[in-house]
There are 2 protein chains.
Amino acid sequence: MDTVLRSAGKEVVIGAGRPFCIIGERINPTGRRIFCEQLRRGDLSRVELDVAQQVAGGAMVLDVNMGAPLADEAELMVAAVKLIQSLTDLPLCLDSSIIEVLEAGLATYEGKALVNSVTAEDDRLEAILPLVARYGAAVIGLPNDEEEIPEDPQRRLELAGKIIETATTRYQIPIEDVLIDPLAMPIGADTSVVVRTLETLELLRQRYGVNTTLGASNVSFGMPDRTAIVAAFLPMASAAGLTSAIMDARSAELVRAARACDLLLNRDDWGASWIAAHRAAVSAATAAAATAST
Amino acid sequence: MDTVLRSAGKEVVIGAGRPFCIIGERINPTGRRIFCEQLRRGDLSRVELDVAQQVAGGAMVLDVNMGAPLADEAELMVAAVKLIQSLTDLPLCLDSSIIEVLEAGLATYEGKALVNSVTAEDDRLEAILPLVARYGAAVIGLPNDEEEIPEDPQRRLELAGKIIETATTRYQIPIEDVLIDPLAMPIGADTSVVVRTLETLELLRQRYGVNTTLGASNVSFGMPDRTAIVAAFLPMASAAGLTSAIMDARSAELVRAARACDLLLNRDDWGASWIAAHRAAVSAATAAAATAST
């Protein structure tokens, strides 16, 4: 099942036989104090650097979250979408918990965006899915409802089913435009969470075959050596069926791990992309060394 | 199912709920020209460094292969086992294709060794399994026979079954002392090989629940950025049920990947080992910096 995302000039396809889709997480003020202050002043200059670093790192889609406290998030989302689309042709993932912000972003965005996210709560489904349908976007569904973030993979599958059913039958959103997040919790809080995430991925693959995404950095939250944890998590999740992740696309180690998944899981014919990435890295290092020595 | 290996003074347990067992691959002349020449002269001095580096890196068992062309392999195996057991209390994996070499090694070894390896070929089973039984060792079974190294995971499962049946019924070797190698071939030759290895691991887990091992470095043979490939392979294989690997225990990246598997797959209570390894690395770096600045 292929999910097609588009900018004005570029198409990115997420699917089980496709290269793992790296969604850059960086354009998000959470945990970034200076960026928060800049956003409150309407200063988006930092976004330019975030775009450049993520594009250079290997991002294939960029997540955009403007949720800085006390800022006008809808206005910022509109400005950010315009700015980012002037800087790169990567498709965007519009990320907000506020419906008006998602709507403002969708109205501004040129192309087919990914909406991040809807839950299985009735009021959220009823508010967000019509927007997704109207703008012909794709959407990420989180399998939690009013009651709980379920621990049981079977219960997550049920709630994913509710999202998929509602999206496809009530709002005529094609099933390939619904991505499910199997929920990746911090391993530091409970060392059994990843096993449940992997089980959920397997269940989703067997039952629905939908595309999937998750916030990969979340797994390592609060632990030392975070990159090494995420670098080991991605191959497990990818082998269990994960087809994209919102992750740190600036990290060479993580991007290499995602590309190694493609190579190892037979999504990189002849290893051509792996070898090309190696050659590009060698060329870049050689050029940098030459510049440094002059 | 727990496989217990022993040296004179130490016990190592391989099992699905246990930390992933890192078997150091380094004491092996394959591809090491100078080491080959040293072995032909009976010079084992290099083995001391190999032991020290692998122990420091995090090896839990050491593979010992003395297969240098034109050398007296049995004599070298005896000398190497004696030497290594004087240097470390890690259990050993005696690695040879020659039955007399395995026998000489087993006769010398103090403890319960792992024998690497037997195939599903009748003459190999009849020659090696009696040795394994007589010395109370454990053994690695490779699911290939006279005819073929099968590509089909189901056929690999059948040949693994033949090895397990023969070992347990004809030679009364406990099933927990038979490890199966699901066969890890170079991804560079055929990008579908790892998918088949993972399928074989799943089948072995479902059907027999035996412990498993493989030569992890082999997967990356002939490709650039080999360590990154193996670092992504280990988490996939570990999640599919792999309980040990013969690998480069000197590589901090690979040892960290194996430990991340333990953390992520709920084999590291409270993440205690992960955090302890992080602290040890920080202390070592601090000590090294202090030494460098004096």
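Helices are taken here as DSSP runs of H or I with at least four residues, numbered from the N terminus. The structure examined is a predicted model. In chain A, helix H1 covers residues 33-40, and within this helix A:Arg33 and A:Glu37 lie four residues apart, so that about one helical turn separates them. Their side chains meet in a salt bridge, with an N to O distance of 3.0 Å. The two partners differ in their exposure class: A:Arg33 is exposed, at 58% relative accessibility, whereas A:Glu37 is partly exposed, at 31%.

A further salt bridge of chain A links A:Glu202 with A:Arg205, whose closest N and O atoms are 3.0 Å apart. These two residues belong to helix H7 (residues 193-207) of chain A and are three residues apart, which again places about one helical turn between them. A:Glu202 has a relative accessible area of 26% and is partly exposed; A:Arg205, with 41%, is likewise partly exposed.

The pair formed by A:Arg250 and A:Asp248 also meets in a salt bridge, at 3.1 Å from N to O. Here A:Arg250 is partly exposed, with a relative accessibility of 32%. A:Asp248 has a relative accessibility of 16% and therefore counts as buried, since the cut-off for that class is under 20%. In addition, a network of salt bridges links A:Arg26, A:Arg32, A:Arg46 and A:Asp50. Over all chains, the count of salt bridges comes to 36.

The overall form of chain A was considered next. Its secondary structure consists of ten helices and nine strands. The C-alpha trace spans about 65 × 45 × 35 Å along the principal axes of chain A. For a compact globule of 294 residues, a radius of gyration near 19 Å would be expected, and the value for chain A, 19 Å, agrees with this. Of the 294 residues in chain A, 56% are buried. When contacts in chain A between residues at least 6 apart in sequence are considered, 68% join residues at least 24 apart. The accessible surface of chain A amounts to about 11800 Å², and carbon and sulfur atoms account for 51% of that area.

In chain B, strand S1 (residues 3-6) and strand S2 (residues 11-14) pair in the antiparallel sense, over four bridges. One of the residues involved is B:Val4, whose bridge partner in S2(B) is B:Val13. S1(B) and S2(B) are joined by a hairpin through four residues.

Helix H1 of chain B (residues 33-40) has as its buried residues B:Phe35, B:Cys36, B:Gln38 and B:Leu39. Because these residues cover an arc of only 165 degrees around the axis, they lie on the same side of H1(B). B:Arg33 and B:Ile34, by contrast, are exposed on the other side of H1(B). The cover over the buried residues of H1(B) includes strand S3 (21-27), helix H2 (45-57) and helix H3 (73-87), which belong to chain B. After H1(B) comes B:Gly42, which has a positive phi near 75 degrees.

Notes. Residues are numbered from 1 along each chain as its sequence is written. Chains are lettered from A and ligands numbered from 1 in the order in which they are written. This is a predicted model: local features need pLDDT of at least 70, side-chain atom pairs count only at pLDDT 80 or more; totals for chains, interfaces and linings use all residues. Side-chain values use heavy atoms; hydrogens and water are left out. A salt bridge is a side-chain nitrogen of Lys or Arg within 4 Å of a carboxyl oxygen of Asp or Glu. Buried means under 20% relative accessible area, exposed over 50%, partly exposed in between (1.4 Å probe, protein chains only). Two strands pair if DSSP finds at least two bridges between them. The radius of gyration is taken over C-alpha atoms; the globule rule is 2.2 Å times the number of residues to the power 0.38. Contact means heavy atoms within 4.5 Å. Accessible areas come from the Shrake-Rupley method with a 1.4 Å probe; for residues, only the protein chains shown count as cover. The arc is that of the directions from the helix axis to the C-beta atoms.
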